[in-house]
Structure formats: C-alpha cells, structure tokens
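User: I have a protein model on my screen and many terms to sort out. Can we go through them one by one?

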Amino acid sequence: MLTLTFLGVGSAFAKRNHQSNVLIEAWNHGPDKQDEPNDTMLIDLGGTGNLALHELMQKPGYDYLNMDGSVDYRKLRRILITHQHGDHIGGLEELSLTNVFVQSDPKTGKAFKPQIISSMNILVNLWDTSLKGGMSPMPGRYALLQDFFFILAVRATDTGYEPFQLLKRYQFEIFPTDHIQIERKYDWPSNGVLMRDLKTDETVFFSGDTRFDFETYRGMMTSAKMNFHDVQLVENENPVHASLSELRTMPDDVKKKTFLYHYGDTWDAPEYDFVPEEFAGFAEPQRRYVLFA
Ligand SMILES: [Zn+2]
Ligand SMILES: [Zn+2]
C-alpha cells in the first residue's frame, strides 16, 4: 500500500493551514496491520513543516513519529524536493540540525542521514543559494550538503527523468513544471511527480507548484486514478499557480478525480461551495489518502 498525507494544504502565505508538504508512506501490508510503514518519504518540508509534523504525530495512526513528545526525524527516511521556494524547503535546516545535534546516537555520536532526492538543476543550487548560510557553519569546520543527506540526483534522460522506487513496487517519476518563468518556460527548475504502482500500473499525479498547463499534463491526469493539483484562489494577471477558473476548464472526468491543494485561507467562503461537487474537493490536511491499495 502507498499512502499520502498532507502535513498542510495551504499556500505559501496561508495561516489557517500549514504549507503544502506531504508525507508518503509505503507499507508491505497497510496501516491497519502495521505500527509503522516500511518506508517513508516527504515531498518537501517548508517553513511550517516541522510544526505540522509535531501536530501530525499526535494524531492516531501517526504515533510512530512521536518520540517522547518530539518528532522522531529518523523516521523520515527520504525527502523529495520539488523546488526551492521557502514553503517547500524552509524546514530542512531544523530537520538536519535535529538529526545531527539532538537525535544523533548517544553512544557513537552518529547522526541519521536521510536521502535527499531531486533533479540536478535543483540540488546544485539548493545548498549554495538556500541552505548553506545556516547549515554550513559547524564547530571547527564548514559542513556540506552531503554531511546531512545521502544525495540522489535523478538523472535526466531523453525521455524524462529516470524514475526511482520505494519497496521495489512504487515508482516515482518527476517531470518539469511551469511554475516561475524568468524569461521563458522551465528556466527556473521546479518539478511535479507521477507515482506508479508497478504491480497494477495505476498512477497518481501530483502537480507540485505549477501554472495552469493542462495541455502538458493531459495524458498523465487523464490516465491517473487520482490527481492532486495546486490551486490559487486569487486571480491575477501573471499567476505562478493554476487558478480555479483555469482548472474549471479541464474535462469533467478529470475534475472529478482531482483534489486541489496549496490554497489560500478563504477556501471555506460560500463562493467555493461548488468545488466539492465539481472536483474531488479541496484536499484535507492530516488525512491518509490511499493511493494504491
Ligand atoms: Zn508552494
Ligand atoms: Zn513555489
């Protein structure tokens, strides 16, 4: 079984929900039959991510993350980074410094190192332009990204990025998204992820942050059993996310299986009452979605 739980479903600026970060859990049997999953992977960890994890571990079914009242970061084995915005990477410093200084093995002093996964064009900048300032200075030395993480740079090939797997059954294929155009499409790297059950060939689409680009995603979103797409509720001239009015132009059968996330704090205003009827609905935080049974 593969499950997905939103730590939060909010936009970068949301205050009523945490930012849109996700916990993926891979199970040999499932949460009813096991105390904890066999493998875990975060998709992003933003500035509100650590507090969101602290809240999640207090929910039934997530207590394996709770170690005497603190998040046990060693349970978070992998982190897939979609892009460098703070609502997606702003929690990495706290996670890393906790692994090294708070939760290292008291006998050996060894720190747990999660795997960090992304495309090369993101990983190469993640340290130098985002994390280095706070994570490089150590007592007596300067640290590097590989001091905190095992690095998996997924390879770009002619047909897309090389996939990686959890439990040799669940496959993750990242793809570029049209999030911020500095001068042209794709010139600032950001990725979405297509998840695949190799046993059944079912797929689930997760957009990451993207402008509306349905023509590019049509194939993936039509054949997926379930879609998660970011949305911005405010309409503006030069959006960096898909607006609700743009997403409404998708075919009905696609909308019906598409959950919207990354939304602003006004989601429960009456003007959005149509969303659960027209779409699968607004994604809910702290709910374990079963992607593949
Ligand atoms: Zn975002
Ligand atoms: Zn973003």
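What follows is a set of short exchanges on the terms used for this predicted model.

User: What makes the protein as compact as a globular protein of its length?

Analyst: Set two values side by side. The radius of gyration is 19 Å. The globule rule gives 19 Å for 293 residues. The two are close, so the protein is as compact as a globular protein of that length. Along its principal axes, the C-alpha trace spans about 60 × 50 × 40 Å.

User: How many helices and strands are there?

Analyst: The protein has nine helices and 20 strands.

User: Which share of the residues is buried?

Analyst: Buried residues account for 42% of the 293. To be buried, a residue needs 20 or more other C-beta atoms within 10 Å of its own.

User: Why is Gly-69 called exposed?

Analyst: Count its neighbours. Gly-69 has 8 C-beta neighbours inside 10 Å. The cut-off for exposed is 12 or fewer. Therefore Gly-69 counts as exposed. Gly-69 sits in the loop between strand S4 (66-67) and strand S5 (70-71). From Gly-69 to Thr-129 the C-alpha distance is 33 Å, with their positions 60 residues apart in sequence.

User: Why does Lys-113 count as partly exposed?

Analyst: Use the count again. Lys-113 has 17 C-beta neighbours inside 10 Å. Exposed needs 12 or fewer, and buried needs 20 or more. The value 17 falls in between, so Lys-113 is partly exposed. Lys-113 lies in the loop between H3 and S7.

User: What is Lys-113 in contact with, leaving aside neighbours within four places in sequence?

Analyst: Its contacts are Phe-148, Phe-149 and Phe-150. Take Phe-149: Lys-113 is 36 residues away in sequence, but 4.9 Å away in space, C-alpha to C-alpha. For the protein, take contacts between residues at least 6 apart in sequence: 59% of them join residues at least 24 apart.

User: What makes S10 and S20 edge strands?

Analyst: Look at the sheet order: S10-S7-S6-S3-S2-S1-S20. This is an open sheet of seven strands with mixed pairing. Strand S10 (150-154) and strand S20 (288-292) each pair on one side only. The twist averages 25° from one strand to the next.

User: How do you know that S1 and S20 pair?

Analyst: Count the bridges. Four of them join strand S1 (residues 2-6) to S20. Pairing needs at least two, so S1 and S20 pair. The two run antiparallel. Thr-5 stands opposite Arg-288 in S20.

User: Where does H4 lie, and where does it bend?

Analyst: Helix H4 (residues 120-135) lies across strand S7 (115-119) and S10. H4 runs at about 120° to S7. The bend is at Leu-126 and is about 50°.

User: Which residues of H4 are buried, and what do they pack against?

Analyst: Ile-122, Leu-126, Leu-131 and Met-135 are the buried residues of H4. They pack against helix H2 (86-89), helix H3 (92-102), S7 and helix H5 (145-148).

User: What is the strand order in the open sheet that has S13 and S19 at its edges?

Analyst: The order is S13-S14-S15-S16-S17-S18-S19, with mixed pairing. Strand S13 (164-166) and strand S19 (281-282) are the edges, since each pairs on one side only. S13 joins strand S14 (residues 170-176) through three bridges, and these two run antiparallel. Leu-166 has Tyr-170 in S14 as its bridge partner.

User: What makes S15 mostly covered?

Analyst: Six of its seven residues are buried. S15 also has paired strands. S14 and S15 pair antiparallel over seven bridges, with Ile-174 partnered by Val-193 in S15. S15 and S16 pair antiparallel over four bridges, and there Leu-194 is partnered by Phe-205 in S16.

User: How many residues lie between S15 and S16 in their hairpin?

Analyst: Five residues lie between them. In the turn, Asp-201 has a positive phi of about 65°.

User: Which strands does helix H6 lie across?

Analyst: Helix H6 (residues 214-223) lies across strand S15 (191-197), strand S16 (203-206) and strand S17 (226-230). H6 runs at about 135° to S16.

Methods
Residues are numbered from 1 along each chain as its sequence is written. Chains are lettered from A and ligands numbered from 1 in the order in which they are written. This is a predicted model: local features need pLDDT of at least 70, side-chain atom pairs count only at pLDDT 80 or more; totals for chains, interfaces and linings use all residues. The radius of gyration is taken over C-alpha atoms; the globule rule is 2.2 Å times the number of residues to the power 0.38. Two residues are in contact if their C-beta atoms, placed from the backbone, lie within 7 Å. Axes are lines fitted to C-alpha atoms, for helices over the stretch in contact, and angles run from 0 to 180 degrees between N-to-C directions. The bend at a residue is the angle between axes fitted to the seven residues ending there and the seven starting there.
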